[in-house]
Amino acid sequence: MQHPTCDSMYTFIQFEEISVWPGGQNVWPRHEVQNGHNMNSMNCDGGKGGSILLKEEIERRANEFCSEYEVNAHPVDIIDICNRAGIKVFEEYLPEEVSGYILIQEDDFERYGANQVIVVNLLDSPKRRRFTVSHELAHFVLHKGENSRFYAHRDAGQSNRIENEANMFASNILMPERLVRMELNGLRKSVGGELPLMVKISHIAKAFAVSESAAEVRLSALGIR
């Protein structure tokens, strides 16, 4: 895929590399940036091309990914995982309808000092930025293939096959089934019985540093009532 065009510029006020999530030390100081990429020019394949990934296949690949990167504790350190995968993560002020994007290019980026970057929107809440990082990482794992150039972005309210696959993968790696069930079993034992679903959702959201809506979707996918 070609590099995104810049026929519609946005001004990015600042960016910083994330070393710890959330709000950890900055590896780079903040910089003013006077131009940026057009967020609306490209989006993977728009959900039209490529092979369809079944739910079971996405879960299998997510489990393999968690095993490879030794995801054994929560909240999952998604920034460390990205760094170990060779992807740098940045925060910037983006248009409010854009949650973030991943950009892969064979040539080094002078702007970022890396050729594989994920950028998330500072206008979003920390939990939403955290999920966006995982979502963009999912595009890298599921949809990049052998392309040396790749670009995908996440827009608020966007829904198509590609985006749904990325959301499912992100949910699986931020809330691995084994860790979720262990957490709920511990909660059940601590109170001496079963709890209402809303209590479970709230507990998982806090324990795994995700939004309650993300936790609700994950528990539903796992058949937890």
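In this predicted model, the salt-bridge count comes to 10. One of them joins Arg-129 to Glu-91, with the closest N and O atoms 3.1 Å apart. This pair ties together distant parts of the chain, since Arg-129 sits in helix 3 and Glu-91 in strand 2 (residues 88–92), 38 residues away. Charged or not, both partners are tucked in: Arg-129 has a relative accessible area of 10%, so it falls under the 20% cut-off and counts as buried, and Glu-91 is buried too, at 8%.

Other bridges stay local. Arg-161 pairs with Glu-165, again with 3.1 Å between the closest N and O atoms. These two lie about one helical turn apart, because they are 4 residues apart in helix 4 (residues 161–174), and both are buried. Helix 5 (residues 177–191) holds a pair with that spacing as well, Arg-181 and Glu-177, whose side chains meet at 2.9 Å, N to O. Here, though, the partners are partly exposed, Arg-181 at 33% and Glu-177 at 37%. Elsewhere, Glu-57, Arg-60 and Glu-64 link up in a network of salt bridges.

Then there is the nonpolar side of things. The largest nonpolar core has 48 residues, and Ile-118, Leu-137 and Val-180 have the most contacts inside it. Helix 3 (residues 126–142) gives the most to this core, with 6 residues. Leu-137 touches Phe-65, Ile-78, Ile-81, Cys-82, Ile-87, Ile-118 and Ile-173, leaving aside residues up to four places away in sequence. A second, separate core of 10 residues includes Phe-90, Leu-94, Val-98 and Tyr-112. As for helix 3 itself, 13 of its 17 residues are buried, so the helix is mostly covered.

Notes. Residues numbered from 1 in each chain as written. Predicted model: local features only at pLDDT ≥ 70, side-chain atom pairs only at ≥ 80, totals over all residues. Heavy atoms only, no water. Core = buried A, V, L, I, M, F, W, Y, C linked by side-chain atoms within 4.5 Å. Buried < 20%, exposed > 50% of the residue type's maximum accessible area, 1.4 Å probe, protein only. Contact = heavy atoms within 4.5 Å. Salt bridge = Lys/Arg side-chain N within 4 Å of Asp/Glu carboxyl O.
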